[in-house]
Amino acid sequence: MIGELGHFCLIVALMLSLAQGVLALAGAQQGRAAWMAVAQPAAQGQFLFVAIAFALLTAAFVNNDFSLLVVAQHSNTQLPTPYRVAAVWGSHEGSMLLWVLMLAVWGIAVAMFSRRLPAPFVARVLGVMGLLASGFLGFLLFTSNPFTRLLPAAAEGRDLNPLLQDPGMVIHPPMLYMGYVGFSVAFAFAIAALLSGRLDATWARWSRPWTTVAWMFLTLGIAIGSWWAYYELGWGGWWFWDPVENASFLPWLVGTALIHSLAVTEKRGAFRSWTVLLAIFAFSFSLLGTFLVRSGVLTSVHAFATDPKRGVYILAFLVAVVGGSLALFAVRAPKVGLGGRFSTVSRESLLLANNVLLAVAAASVLLGTLYPLLLDALELGKISVGPPYFEAVFVPLMAPAVFLMGVGPLARWKDAPVPDLAKRLRWALVAAAVAAGVSLASGGSLLSSFGVLLAVWVASTTLVAVLERTRNLQGSYVSRLARLPRLLPRGEWGMLMAHFGVGVFIFGVTMVKTWEAEKDVKMQPGDTATLGGYSFRMESIGEYTGPNYLGLRAVVQISRDGKEVTTMHPEKRLYTAQGMPMTEAGINTGFTRDLYVSIGENIGGDAFAVRLQVKPFVDWIWGGALLMALGGLLAATDRRYRTARQEKRAAAQAALAAGAQA
Amino acid sequence: MKQLQSLIAALVIAAAGTAGAQAPTQAAPQAAPQEAPTIADDPVLEQRVNKIGEELRCLVCQNQTITDSHAGLAVDLKNQIREQLQAGRSEKQIIEFMVERYGDFVLYRPPMKATTLLLWAGPFVLLGIAIAGAAVVLRRRRALAAGATPLTEAQRRKAAQLLQDEPETRS
């Protein structure tokens, strides 16, 4: 019964989304208020039915309803309940349902928060989102129905891929999808602006908070994915330039360019057509990512589902969305005005340079990701494009962008004389140079010291930006500090925090790449090994039985200079349903370093191959990403976006509270 | 500037701290109970093996380097690299040997050849095009902006009045 009900809900949602798309767009075009009025209730209804379908599928997983194919394939009676819930999006079908649910969430959020905007504009935005939703609901119903029955029902499920049985994997996909799908809002705003010919600063201001929130989720999603790879895959890496990682990184790069370009469009009215183009591309890259991951054209760590029919559907959808929007762009963009003037060195031109570099970086990552597929398809040979390529290409492109990132926030709009900038930034430059010198002196390579230079440069320029504001304040040091938070608007704080986060991130990457130490040793209980000043003593190793796996757990005592630091419990597991072995590394997290212990093969008796690693500053990588995301949150909740709403009645207030929670 | 300087100092100290923590392990030979033997007989050689292995794909894994993988093939190939290094062959010779055996697919750093020209040159060509494009756009903007005739006094007054009538558009 659950299956049929869920299936039915999806069909209703598809009908509603079609009505939402067609009626709202046609109504806006012809000025029919009654048709436009359909958009909001349709978006609400669509959300309701998709949410019911999602809840039903979740219930089926929790109750082990193995008469549903996806449940039988991705769950098991032994699977702990939280992972049964996570298993909903562990399957291809379920993850697409999650995608559609996210789209519906964004749709209803737009419907709720955009009451103040002109009705035809909102109708167009919701109309575009309705069409997108119908595309994806069609994809679900025609190629990936999560409610397909398995009759007779299986007695036992095949279990969730053990790699996914992890708290990180429980939150990674929803975050990532919130980001991916969130760009659909920026896209819908851009298309609505093109359709209405209203491509101005107001449009940029409306779409800015949405874009920033989507970017924030995407940043978090990618960071959590990387963190998961670090502790779950067992080899201590955090980014491999895997095609699936790139698929999430591409929209991030374009989205980053977009939020910067939107700033110029909002404040100065310039770069309008470029901003629209970026909005189209940010979402197109989200779709492309979905295509790459879901069609099975890649073979990689993350690609779990394959079926050519799906690939063709998404490709056709992708072509329709990208082609349609670019055609519309070609027709409408030439009418767009220039916006405010600016000189060669100004905040505008610096942001333009940032956009050029980010766009080229995104294009390069795309090239590297698709090139092997292309060669293979043309039968020109099989090649691998891996980290050495991406590092060789990406780093030189990003280094100047990072340098400009330090200058941009201090540069004025319209005109920013270089001597003035140089004078204000001289301390940051000195700090960066000194840090690089220290790095060189302590044996860091040139490249590594350059990384330190950039990290300290970015971090100290953001501090300069804050300090410049405190200089005019009166009063004691403490009182000045207390007033600091109110000195700048939240948008500014958000920007500075995100930039500081980039500095923290670069520092972490540089440190761990340069100074990490690792050692493969043969250990049995009682053995001690030393690495990086730490002494690792294996106390014992023994078997135990987990809920759905057999485990082997070691107890490793860590000490430094004779003082005990911590005890770690690295494990090996054999998941019984699929017979799949897993390594659960023991990790001791610290502010300045992680200790990472993973157990390998048994080499006779009680002895095991053990890999010990000391990873300096590795957590700064995710800390930096977290700061970036927090910066995004601050910027999106700037008063400029809120006061406008506060003019509205209390209803809007309540909606705002709900928005802050989401 | 004080705060800034102390923060920088903190960063510098932190950087130096890691460098210090990194001092090679043989510096601590205190009466340790027997040190667990490394799997590799020769850690220096092993570092070279791992460095080469990082450039090579483990062909039976999904997407992992030979260094990172524990798969049978990866272990075999690491042994192969080790033996060849011991036999005095250079890094380049070993990589050539791997390519001969497994094709270009084994290389994570694609070789430069006719079919990969676009791959290697692409990003830099794109950068050139993008910079040229941005320059052209900027020049055209300036030309358009300069070409626009300045407003007459009457127009200016009209514009000011219009702006006052519509207070919304500015942030």
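**Exercise 1. Strand 8 and its sheet**

Task: In this predicted model, determine which residue in strand 9 of chain A stands opposite Thr589(A), and place the two strands in their sheet.

Solution.
- Step 1. The residue facing Thr589(A) in strand 9 of chain A is Asp594(A).
- Step 2. Strand 8 of chain A and strand 9 (residues 593-602) of chain A run antiparallel and are joined by four bridges.
- Step 3. Both belong to an open sheet of four strands in chain A, whose order is 1-10-9-8 and whose pairing is antiparallel.
- Step 4. Strand 1 (517-523) and strand 8 (586-589) of chain A are at the edges; each has a single partner strand, so one side of each has no neighbour in the sheet.
- Step 5. From one strand to the next, the twist averages 15°.

**Exercise 2. Two hairpins in succession**

Task: Establish how many bridges join strand 3 of chain A to strand 4 of chain A, and how many pair strand 2 of chain A with strand 3 of chain A.

Solution.
- Step 1. Strand 2 (residues 528-531) and strand 3 (residues 534-545) of chain A form an antiparallel pair with four bridges.
- Step 2. Within this pair, Ala529(A) is opposite Phe536(A) of strand 3 of chain A.
- Step 3. The hairpin of strands 2 and 3 of chain A has two residues between the strands, and Gly532(A) adopts a positive phi near 55° there.
- Step 4. Strand 3 of chain A is also joined, by 11 bridges, to strand 4 (residues 549-560) of chain A, and these strands run antiparallel.
- Step 5. Here Ile541(A) is opposite Ala554(A) of strand 4 of chain A.
- Step 6. The connection from strand 3 to strand 4 of chain A is a hairpin of three residues.

**Exercise 3. Helices 3 and 6 of chain A**

Task: Decide whether helix 3 of chain A is roughly parallel or roughly antiparallel to helix 6 of chain A, and characterise their contact.

Solution.
- Step 1. Helix 3 (residues 39-62) and helix 6 (residues 92-113) of chain A have axes that come within 9 Å and cross at roughly 150°.
- Step 2. Angles over 145 degrees count as roughly antiparallel, and therefore helix 3 of chain A is roughly antiparallel to helix 6 of chain A.
- Step 3. The crossing of these two helices of chain A is left-handed.
- Step 4. Helix 3 of chain A contributes residues including Phe47(A), Val50(A), Phe54(A) and Leu57(A), while those of helix 6 of chain A include Leu97(A), Leu101(A), Val105(A) and Ile108(A).
- Step 5. The contact comprises 14 nonpolar and five polar residues, with no charged ones.

**Exercise 4. Helices 14 and 16 of chain A**

Task: Determine how helix 14 of chain A is oriented with respect to helix 16 of chain A, and which residues make the contact.

Solution.
- Step 1. The axes of helix 14 (residues 387-407) and helix 16 (residues 446-470) of chain A come within 8 Å, crossing at roughly 25°.
- Step 2. Since angles under 35 degrees count as roughly parallel, helix 14 of chain A is roughly parallel to helix 16 of chain A.
- Step 3. Helix 14 of chain A passes helix 16 of chain A in a left-handed crossing.
- Step 4. On the side of helix 14 of chain A, the contact is made by Ala399(A), Val402(A), Phe403(A), Met405(A) and Gly406(A); on the side of helix 16 of chain A, by Leu454(A), Trp457(A), Val458(A) and Thr461(A).
- Step 5. By class, these residues are seven nonpolar, two polar and no charged.

**Exercise 5. Helices 2 and 3 of chain B**

Task: Describe the angle, crossing and contact of helix 2 of chain B with helix 3 of chain B.

Solution.
- Step 1. Helix 2 (residues 43-53) and helix 3 (residues 72-86) of chain B pack at about 125°, with axes 10 Å apart.
- Step 2. This angle makes helix 2 of chain B oblique to helix 3 of chain B.
- Step 3. Helix 2 of chain B passes helix 3 of chain B in a right-handed crossing.
- Step 4. Leu45(B), Arg48(B), Val49(B), Ile52(B) and Gly53(B) of helix 2 of chain B meet Lys78(B), Ile81(B), Arg82(B) and Leu85(B) of helix 3 of chain B.
- Step 5. The contact has five nonpolar, one polar and three charged residues.

**Exercise 6. Backbone features in two loops**

Task: Locate Pro152(A) and Trp241(A), and state the backbone feature of each.

Solution.
- Step 1. Pro152(A) is in the loop between helix 7 (119-143) and helix 8 (167-196) of chain A.
- Step 2. The peptide bond from Leu151(A) to Pro152(A) is cis, with omega near -5°.
- Step 3. Trp241(A) is in the loop between helix 9 (201-232) and helix 10 (243-268) of chain A.
- Step 4. Although Trp241(A) is not a glycine, its phi is positive, at about 55°.

Technical notes. Residues are numbered from 1 along each chain as its sequence is written. Chains are lettered from A and ligands numbered from 1 in the order in which they are written. This is a predicted model: local features need pLDDT of at least 70, side-chain atom pairs count only at pLDDT 80 or more; totals for chains, interfaces and linings use all residues. Two strands pair if DSSP finds at least two bridges between them. Axes are lines fitted to C-alpha atoms, for helices over the stretch in contact, and angles run from 0 to 180 degrees between N-to-C directions. Angles under 35 degrees count as roughly parallel, over 145 as roughly antiparallel, 65 to 115 as roughly perpendicular and the rest as oblique. A crossing is left-handed if the near helix is turned anticlockwise from the far one by less than a right angle, and right-handed if clockwise. Two residues are in contact if their C-beta atoms, placed from the backbone, lie within 7 Å. Ala, Val, Leu, Ile, Met, Phe, Trp, Tyr, Cys and Pro count as nonpolar, Asp, Glu, Lys and Arg as charged, and the others, Gly among them, as polar.
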